[in-house]
Amino acid sequence: MAGAAPLERIRNTAKALESSDRTLMADLHNCVVMMKLVAEDLERENRSEEVEKLGIATLELISVADHLGHHTKALESISSSYNISEGTTDFKKLLKKQAANFEKQAPSEPENHVYYKQFKEAVWNVHHAGEPMPGQECEDIVMTTSQFGIVNTTCPLSGKPVTELKEPVRSADCRHVYEREAVTAYIKRFSRRQPCKCAAAGCPRILVGSSMLCDPSLLMEIQELRVRGQVSSQAHMVADCTELDEDEA
């Protein structure tokens, strides 16, 4: 019992650092979203060199985010499973070793990352919406739209906008987004003999608890919805002010 208090302090410290990592990760996601929106505007103005620079910067941010993700997992591992042993623990060395292990399991490949694919497709769609990118098959357009985009803007069960969900999760099968608490309770109401059908109107897919996931791409896509909504609102405000000025003139 003597080591219980120090152990708890160590684990709590790791949890606090893990929380800071997640906040930083959210900021990185926001940066990626903003760079994509800026790239779209630059592409509309045919400023390809600047778009290319933003693409390079996006790759660098993705690499940083991947390394941060490994660091976060290492902290999570320490906060959940670390135990005090004889001798002194070099936590800097332990954290580095844990992060390296996670990096071996999932090496960083920025150019193949879903965020970079979204960036390239967003830029391409500015002038070629509905057309396949070079090397992309026509049928892939529908697939990537459903894979990378939010297919429903409100939770089919709670009715809340997905941008306001506390714990959003997405079905790996039909891609509909739900509030975790609402969909968990919904699925529990069904037995094995009675499959749980997706609550989204017209969707025939079956919901399974283990397939309701919250991955980083979902959080970034939701953040993009927020940002686009804010930009749209600001644009309408500017337009309204312009009309008022013209009327007064």
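In the predicted model, Cys155 counts as buried, at 2% relative accessibility. This residue is placed in the loop between α5 (138–148) and β1 (168–171). When residues up to four places away in sequence are not counted, Cys155 touches Lys160, Val162, Leu165, Val177, Tyr178 and Glu179. A further spatial relation links Cys155 with Ala199: the two are 44 residues apart in sequence, and their C-alpha atoms are 9.1 Å apart in space.

The chain as a whole comprises seven helices and three strands. Along the sequence, these elements follow the pattern α-α-α-α-α-β-β-α-β-α. Of the 249 residues in the chain, 33% are buried. Among contacts with a separation of 6 or more, 64% are accounted for by residues 24 or more positions apart. The accessible surface of the chain was computed at about 15800 Å², and carbon and sulfur atoms contribute 53% of that surface.

In soluble globular proteins, nonpolar side chains tend to be buried together. In the present model, the largest nonpolar core contains 21 residues, and the most contacts inside this core are made by Ala39, Leu54 and Phe119. At least two residues of the core are supplied by each of α1 (4–44), α2 (48–81), α4 (114–128) and α7 (216–248). The largest share is that of α1, which provides eight residues. The surroundings of Leu54 were examined with its neighbours within four places in sequence left aside; on this basis, Leu54 is in contact with Met35, Val38, Ala39, Leu42 and Phe119. Apart from the core just described lies another core, of 19 residues, including Ile150, Val169, Tyr178 and Cys198. Tyr178 in this second core is also one of the residues touched by Cys155.

Aromatic pairing was considered next. A pair of aromatic rings is described by the distance of the centres and the angle of the planes. Three aromatic pairs are present in the structure. In one of them, formed by Tyr82 and Phe91, the ring centres are 5.2 Å apart and the planes stand at 55°, so the pair is tilted. Tyr82 is buried, with a relative accessible area of 11%, whereas Phe91 is partly exposed, at 33%. Another pair consists of Tyr116 and Phe119, whose ring centres lie 6.3 Å apart; because their planes are at 10°, this pair is stacked. Tyr116 and Phe119 are three residues apart in helix α4 and are therefore separated by about one helical turn. Both residues are buried: the relative accessible area is 15% for Tyr116 and 5% for Phe119. Phe119 thus takes part in a stacked ring pair and is also among the residues with the most contacts inside the largest nonpolar core.

The cysteine residues were examined for disulfides, and the count comes to zero. For Cys196, the closest cysteine sulfur is that of Cys198, at 8.4 Å; a bond is excluded because this distance is too far, the cut-off for a disulfide being 2.5 Å between the sulfur atoms. Cys196 is buried, with a relative accessible area of 4%. Cys214, in contrast, is partly exposed, with a relative accessible area of 35%.

Methods
Residues are numbered from 1 along each chain as its sequence is written. This is a predicted model: local features need pLDDT of at least 70, side-chain atom pairs count only at pLDDT 80 or more; totals for chains, interfaces and linings use all residues. Side-chain values use heavy atoms; hydrogens and water are left out. A nonpolar core is a set of buried Ala, Val, Leu, Ile, Met, Phe, Trp, Tyr and Cys residues joined through side-chain atoms within 4.5 Å. Buried means under 20% relative accessible area, exposed over 50%, partly exposed in between (1.4 Å probe, protein chains only). Helices (H or I, at least four residues) and strands (E, at least two) are DSSP runs, numbered from the N terminus. Contact means heavy atoms within 4.5 Å. Rings of Phe, Tyr and Trp (its six-membered ring) pair if their centres lie within 6.5 Å; planes under 30 degrees apart count as stacked, over 60 as edge-to-face and the rest as tilted. Accessible areas come from the Shrake-Rupley method with a 1.4 Å probe; for residues, only the protein chains shown count as cover.
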